[in-house]
Amino acid sequence: KDVLEGCMSPLMLSSYSGWVLDRIVERSDQEITPSKTSTPNKSTPRTNQLPLEKVTSASHQGSSPLSSTVLSETKGNNGLSLLEMDQEVLPTLLPSKVTEVEGCIRMYEEMYRLKGKEGLRQRQEQQEQMVRAVYDLASEQLKRFDELKELKQHQEFQDLQEVMEKSLKETQGQQEKLKEEHRHRAKVLNLKLREAEQQRQRQEELERLRKEEGQERLRRLYSIQEEVLQLNQQIDPNYRHKDLPKIDLSAYSSRGNQICGLVSGLIRTTSERGFPTQVDVANTERALQEMRGLISSMQQEIAAAVEEKKRRDEEEKRQKQQELLKKSQMKAQSTAPAQLPGGKQTKEGLQVKTDESIMRWYQELQDAANQCVTSFSEISNCKDNEVKKIKTDLQKAATIPVSQISTIAGSQLREIFDKINNLLSGKSVQSGGRSVSVTQHPQGLDFVYYKLAEKFVSQGEEEVASHREAAFPIAVVASGIWEIHPRVGDLFLAHLHKKCPYSVPFYPAFKEGTSMEEYQRMLGYQFKDSKIEEQDHFLKRMSGLIRLYAAIIQLRWPYGNRQGTHPHGLSYGWRWLAQMLNMEPLADVTATLLFGFLEV
């Protein structure tokens, strides 16, 4: 602004211009006189030239008005000071030079003015450039500021966005955590509900089973009570046998009534309590067994009394016959004594016990079987793995061929017979891919004898009981083996009599101190889980055994020695049949066995 004001002000002469002019005039006056003697032509050109050159040089150099600066520059350029130059020039100046100087001055001023305008223009351009530079700088700074502001806003936006995202993530995490907790609680609740439902179902199932078991036990109690009452009806205190007028059954009747009262009391107590327990059922079953034992004892007592009555009647009859014989002898004229009728006298009525000779034969067979078991106790009870393996192989070699006998065996019967015969003869046979022989152990032969006889009997109560026609192929093989190896036949009879005492025939008597289950086992019944088998199944097994026995009696091995006698022929069958008919019949059993025997 200061520069512009200086340029715009009107041009003015410098304060030194007056001084310069005064000096120039003074010097010119002083030098005019002395210079009149000199040649003016020579000095004039010089005087005119010098100022013009100086002014021109000054104007070209852009010096300021005639000041100390111009004087110093002129001095610096020519090595002369302004005063010295004036001393040289002024004497030569003419009065007309004043106007020229003034023109030069004005020219100088004009040049200075032009130069000032040029400088002003340059300064203006510089100022404009500076302004533009400042403007550009300000623009750049403004841009940088805007960029910085925008960057800051962007950063703030990003920070805000990050904070929002972080907050969103935290919110989502909390929400997921809440969802997870909710799912976990729902899962736990579902598990608890499922467990509660399962517990309820289990309780309902247990309650249902308990009710079913209770109802089943109650039905069992009622059936036991019915059977006890029916058995009690068989005990008549006023019973009088036509041949035994003195027999007294009041004790049996009293005990029977006590058992009936006990069973009725148990049922009444359990009915009031709800359902009977297993203990109640066991108590009633024991009462039923006691009632059965009571009936059996009563029947045995009656049978014994009848037998005793028969014996006394026979004794009396024999005495009467002897008296009649004596009378006839006294009347006879002959001196020779009368010959008594030979042979045994037949017994009147039916027997309760088996003939003593048959019982001795039965006992001898059982003793022989027990001795056989004792003879192979070492191989049976040995813990050695090798001996166990030999025992298993021998048992398989003896029993598997018997299991292969069937009604459709056909030509295989001879192969089965040869295999069993070779094994008993000490030869090696193949069983399970290995060679087996009874010579592998000293007790092997006795062991095979026993297991083979046991398997024949087992086939009778299993295979023959299911398929009656199977009795013949099994019997023909057993008969052939019996003929060659008699000990197998004895062990077979021992096993048969043990499984079916009616094949003797033999009715085991109930002894004091014997439990009902043990006594029923002696009669041939089987028990499973402390439950006696059904009567139909029992009769079926007994019939199968008798059918096998009847088939063995009448069959022989067709490829053996036909000249020899049968080891257990028809005479044994006639003996069994006669003894069976002479004994008191048992309900169901006697009729079933006689029918099966005669049918075969």
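At 7% relative accessibility, Ala550 counts as buried, and in this predicted model the residue has its place in helix H17, which covers residues 535–554. Leaving aside neighbours within four places in sequence, Ala550 is in contact with Phe597 and Val600. The second of these partners, Val600, is 50 residues from Ala550 in sequence, while the two C-alpha atoms are 6.3 Å apart in space.

**The chain as a whole**

The protein chain holds 19 helices and 4 strands. Of its 600 residues, 32% count as buried, and the chain exposes about 39300 Å², of which carbon and sulfur atoms supply 53%. When contacts between residues at least 6 apart in sequence are considered, 75% of them join residues at least 24 apart.

**Salt bridges**

The count for the model comes to 31 salt bridges, and three pairs are set out below.

| Pair | Closest N and O atoms |
|---|---|
| Asp393 and Arg434 | 2.7 Å |
| Lys451 and Glu454 | 3.6 Å |
| Glu599 and Arg547 | 2.4 Å |

What does the salt bridge between Glu599 and Arg547 tie together? Glu599 lies in helix H19 and Arg547 in helix H17, so the pair ties together parts of the chain that are 52 residues apart in sequence. Glu599 is partly exposed, with a relative accessible area of 45%, whereas Arg547 is buried, with a relative accessible area of 4%. Elsewhere, salt bridges that share partners join Glu461, Lys499, Glu533 and Arg541 into one network.

The salt bridge between Asp393 and Arg434, with its closest N and O atoms 2.7 Å apart, links a helix to a strand: Asp393 lies in helix H11 (residues 385–403) and Arg434 in strand S2 (residues 434–436), so parts that are 41 residues apart in sequence are tied together. Asp393 is buried, at a relative accessible area of 10%, while Arg434 is partly exposed, at 38%.

The pair formed by Lys451 and Glu454 sits within a single element, since both residues lie in helix H13, 3 residues apart, which is about one turn of the helix. Glu454 is partly exposed, with a relative accessible area of 32%.

**Buried positions in helices H13 and H19**

Helix H13, which spans residues 444–466, also contains Gln459. Is Gln459 buried or exposed? With a relative accessible area of 6%, Gln459 is buried, and, not counting residues up to four places away in sequence, Gln459 touches Val402, Ser403, Ile405, Val464 and Ile474.

Thr590 has its place in helix H19, which runs over residues 589–599, and at 6% relative accessibility Thr590 counts as buried. Its contacts, again not counting residues up to four places away in sequence, are with Tyr507, Met580, Glu584 and Pro585.

**Backbone features in loops**

A cis peptide bond joins Val504 and Pro505, with omega at about -5 degrees. Pro505 is found in the loop between helix H15 (486–499) and helix H16 (516–522).

Which value of phi does Asp529 have, although it is not a glycine? Phi of Asp529 is positive, at about 55 degrees, and the residue is found in the loop between strand S3 (527–528) and strand S4 (531–532). Asp529 is exposed, with a relative accessible area of 68%.

For Asp588, a residue other than glycine, phi is likewise positive, with a value near 70 degrees. The place of Asp588 is in the loop between helix H18 (570–582) and helix H19, and this residue is partly exposed, with a relative accessible area of 43%.

**A charged patch on the surface**

On the surface, Glu156, Asp159, Glu162 and Glu165 gather in a patch of negative charge. One of these residues, Glu162, lies in helix H6, which spans residues 97–233. Glu162 is partly exposed, with a relative accessible area of 49%; that value fits its place in the patch, because patches are made of residues with over 30% relative accessible area and no salt bridge.

Notes:
Residues numbered from 1 in each chain as written. Predicted model: local features only at pLDDT ≥ 70, side-chain atom pairs only at ≥ 80, totals over all residues. Heavy atoms only, no water. Patch = residues over 30% accessible without salt bridge, like charges linked within 9 Å, V, L, I, M, F, W, Y side chains within 5 Å. Areas by Shrake-Rupley, 256 points an atom, 1.4 Å probe, with all protein chains shown as cover. Salt bridge = Lys/Arg side-chain N within 4 Å of Asp/Glu carboxyl O. Lys, Arg positive; Asp, Glu negative; His and termini not counted. Charge placed at Lys NZ, Arg CZ, Asp CG, Glu CD. Helix = DSSP H or I, 4+ residues; strand = E, 2+ residues; numbered from the N terminus. Buried < 20%, exposed > 50% of the residue type's maximum accessible area, 1.4 Å probe, protein only. Contact = heavy atoms within 4.5 Å.
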